[in-house]
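Got your viewer open and a selection box ready? Let's take a walk through this one, stop by stop.

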Amino acid sequence: QVQLVESGGGLVQPGGSLRLSCAASGSIFTTYHMGWYRQALGKQRELVATISTGSTTNYGDSVKGRFTISRDNAKNMVYLQMSSLKPEDTAVYYCKAERLYSGRYYYYWGQGTQVTVSS
């Protein structure tokens with residue numbers, strides 16, 4: 001079992017920056033692949049970025065070059081540094097932990113944090 005708590009969302013102007021944090025607890029953090037997803041009003045949840053247990057990263061096309069995902073295994077934290085924010089980045093951002101263990105797929109979601117990009 002993994003508990004995830006996101007923080008760092010808020011209102012920011014277009015072109016601005018924000019850093020989201022996700023605190024994980026309850027299980028061995030280093031065994032989980034971590035990711036950030038987002039869901040805008042009326043739209044499906046979409047991939048933002050993922051980081052593997054070996055720190056390999058992957059990004060959605062709409063955020064490449066603007067967002068950076070990172071993890072701190074010593075602190076059980078995952079971060080999403082967002083720069084050059086656009087109004088279309090407005091969404092609820094969710095942290096996800098997942099792993100394949102003994103043939104079973106386990107995944108957990110945080111409660112989400114709202115990011116609003118507006119002037």
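**Stop one: Tyr93 and the core**

Start by selecting Tyr93 and showing its neighbours: leaving aside residues up to four places away in sequence, Tyr93 touches Glu6, Leu20, Trp36, Tyr37, Arg38, Val48, Phe67, Leu80, Met82, Gly112, Thr113 and Val115. Bear in mind as you click around that this is a predicted model.

Now widen the selection to the largest nonpolar core, which has 30 residues. Tyr93 is one of the members that touch the most others, along with Leu4, Met34, Trp36, Leu80 and Met82. Colour by strand next: β3 (18–25), β4 (33–39), β5 (46–51), β7 (67–72), β8 (77–82), β9 (91–101) and β11 (113–117) each put at least two residues into this core. As a rule, nonpolar side chains in soluble globular proteins tend to be buried together.

**Stop two: β7 and its partner**

Hide the rest and keep β7 with its side chains on. Which of them are buried? Phe67, Ile69 and Arg71 are, and they point to one face, while Thr68, Ser70 and Asp72 point to the other and are not buried. That is the usual pattern, since side chains in a regular strand alternate between the two faces of the sheet.

Bring β8 back in. The two strands run antiparallel, and six bridges join β7 to β8. For a landmark across the pair, pick Arg71, which stands opposite Val78 in β8. Then follow the hairpin round: four residues sit between the strands, and Asn76 takes a positive phi near 55 degrees.

**Stop three: two serines in loops**

Keep the backbone torsions on display. Most residues other than glycine have a negative phi. Go to the loop between β8 and β9 and select Ser84; its phi is positive, about 50 degrees, although Ser84 is not a glycine. Ser84 counts as partly exposed because its relative accessibility is 42%.

Then jump to the loop between β9 and β10 (104–109), where you'll find Ser102. Ser102 also isn't a glycine, and has a positive phi of about 50 degrees. Is Ser102 buried or exposed? Exposed, with a relative accessible area of 64%.

**Last stop: the cavity**

Switch on cavity display. How many cavities of 30 Å³ or more does the structure hold? One, with a volume of about 40 Å³. To see its walls, select Val2, Ala24, Ser25, Ser27, Ile28, Phe29, Tyr32, Met34 and Ala97. Coloured by class, that lining comes out as seven nonpolar residues, two polar and no charged ones. Met34 may ring a bell here: this lining residue is also among the core members that touch the most others.

How values were computed: Residues numbered from 1 in each chain as written. Predicted model: local features only at pLDDT ≥ 70, side-chain atom pairs only at ≥ 80, totals over all residues. Heavy atoms only, no water. 1 Å grid on protein atoms, 1.4 Å probe; cavity = no way out; pocket = protein on both sides within 12 Å on 5 of 7 lines; lining within 4 Å. Points joined across faces, edges and corners; volume = space filled by probe spheres on them. Nonpolar A, V, L, I, M, F, W, Y, C, P; charged D, E, K, R; others polar. Core = buried A, V, L, I, M, F, W, Y, C linked by side-chain atoms within 4.5 Å. Buried < 20%, exposed > 50% of the residue type's maximum accessible area, 1.4 Å probe, protein only. Contact = heavy atoms within 4.5 Å. Pairing = 2+ DSSP bridges.
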